[in-house]
Amino acid sequence: MFWVLLLLLAWASAGSACIRLCLTAVRAAAADGRGTPAERDLTLYEAAFLSGGPARVADVTLVSMARQRRLLLAHTGWATVVDPRGHDEIERSVIGAIGPEGQSRIAPVRARAAGAEAVGRLAESLVRAGLAVPEGAGTTVGAAVRRVRAAALAVAVLAVTALLLPIETGTPRLLVAAWFALPLTLTLSCLAIARFEVHPYSRWASPAGQRLLGALAGRPAGDERSFLTTVAVRGIRAIGEPELRAAFTHRDQPWRE
C-alpha cells in the first residue's frame, strides 16, 4: 500500500498549492477593490518598475542616457560617463554606480543602480499609490501560480513512481492511475481558471498598476518617448540597435566585486 502514501503526498501538495492560489487571488481582488487609484499617466521610471522591478529601472535609465549621448555604452559591455550631470536622482544614482573614474562594466552598474535609494523611494511611492505590490507582503498571484505548476509536476512524478512500484495483487494499475488523476485534474483546473481570471501574473504591479501598463500599449509609436516606454515595459530585448543591445548582453568577462 505504499502507493497510498504517495497519493496522500500528491493530494497534500495539490491541495495546499491550490488553496494558496485561491486565497492570494481573493486578497489581490479585495485590495484592488478597496481603493482603486485614480487613472493617471505613468512616468517612464514607474512603467519600468511595474514591468520589471528595480533592474528594469536601471536598464531604461542607462538606455535613455545612452541615446542622449550622456553615456557611452560599448558593445564590449563597458559604460563610460560623457556628461556627469544627472537630470534626476535616478540618473545621478547611475552615474554614482559607475564610479569616480567615469567608467565601469555595465553589469555591476545595473546591480548597484537597481539597489540605490532613489529606486527604493520610487517603489515606496508606487506602493502608497496602490500600483505596486508591497515587498514582503505575502505571496503574489504569480508566485502562487508557479507553486501550483510545481504541484502539478510533483503529482505527475508521484503518479509515475506509484505505477512503477510493485502493487498488491488485485489492485489494478488503472485504478491507481485514476486516483492520481484527481489531484492532477485539480491543479490543472486551477491553472486554467487563473489563466482566464487573473492573467497576466505580475511580481511587481498590482491589478491597478497592470491596468495602467495595459493602457500604455495603445499609445502611438514612433517617437523617442514611445521607444523608451517599450524598453521600460518589455526590457532590453525591445532595443532594436544591435550594438546597444550587445552592450547589455555581453558576458565574456563576468564582473566581481
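**Charges, helices and cores in a predicted model**

Biologist: Is E117 buried or exposed?
Modeller: E117 has a relative accessible area of 62%. The cut-off for the upper class is over 50%. The structure is a predicted model, and in it E117 is therefore exposed.

Biologist: Which residue meets the side chain of E117 in a salt bridge?
Modeller: Side chains of opposite charge can pair when their charged atoms come close. The partner of E117 lies four residues apart from it in helix α5 (residues 117-128), so about one helical turn separates the two. This partner is partly exposed, with a relative accessible area of 39%. The distance from N to O is 3.6 Å, and the partner is R121.

Biologist: How many salt bridges does the count come to?
Modeller: A pair is counted when a side-chain nitrogen of Lys or Arg is within 4 Å of a carboxyl oxygen of Asp or Glu. R67, E224 and E241 are linked in a network of such bridges. By this rule, the number of salt bridges is seven.

Biologist: How many residues apart are R110 and D59, whose side chains meet in a salt bridge?
Modeller: The N to O distance between R110 and D59 is 2.6 Å. R110 belongs to helix α4 (residues 106-114) and D59 to helix α2, so the pair links distant parts of the chain. In sequence, the separation is 51 residues.

Biologist: Is D59 buried or exposed?
Modeller: A residue counts as buried when its relative accessible area is under 20%. R110, the partner of D59 in the salt bridge, falls in that class at 18%. D59 has a value of 6%, so D59 is also buried.

Biologist: Which residue in the loop between α2 and β1 pairs with E91?
Modeller: E91 lies in helix α3 (residues 89-98), and its partner is 21 residues apart in sequence, so the pair ties together separate parts of the chain. Both E91 and this partner are buried. Their side chains meet at 2.7 Å, N to O, and the partner is R70.

Biologist: What is the phi of R69?
Modeller: Most residues other than glycine have a negative phi. R69 is not a glycine, yet its phi is positive. R69 is placed in the loop between α2 (44-67) and β1 (71-73) and is exposed, at 63% relative accessibility. Its phi is about 60°.

Biologist: Which helix gives the largest share of the largest nonpolar core?
Modeller: This core has 49 residues, and F49, L50, L73 and F248 touch the most other members. One element contributes 13 residues, the largest share, and that element is α2.

Biologist: How many residues form the other core, which includes W3?
Modeller: This core lies apart from the one of 49 residues. Among its members are W3, L6, A14 and V176. The number of residues in it is twelve.

Biologist: Which residue of the patch of positive charge is found in helix α7?
Modeller: The patch on the surface gathers R146, R149, R195 and R203. Helix α7 covers residues 173-197. The member found there is R195.

Biologist: How many helices and strands does the protein chain have?
Modeller: From the N terminus on, its elements run α-α-β-β-α-β-α-α-α-α-α-α-α. The chain has 257 residues, of which 42% are buried. Its secondary structure comes to ten helices and three strands.

Notes. Residues numbered from 1 in each chain as written. Predicted model: local features only at pLDDT ≥ 70, side-chain atom pairs only at ≥ 80, totals over all residues. Heavy atoms only, no water. Patch = residues over 30% accessible without salt bridge, like charges linked within 9 Å, V, L, I, M, F, W, Y side chains within 5 Å. Areas by Shrake-Rupley, 256 points an atom, 1.4 Å probe, with all protein chains shown as cover. Lys, Arg positive; Asp, Glu negative; His and termini not counted. Charge placed at Lys NZ, Arg CZ, Asp CG, Glu CD. Buried < 20%, exposed > 50% of the residue type's maximum accessible area, 1.4 Å probe, protein only. Core = buried A, V, L, I, M, F, W, Y, C linked by side-chain atoms within 4.5 Å.
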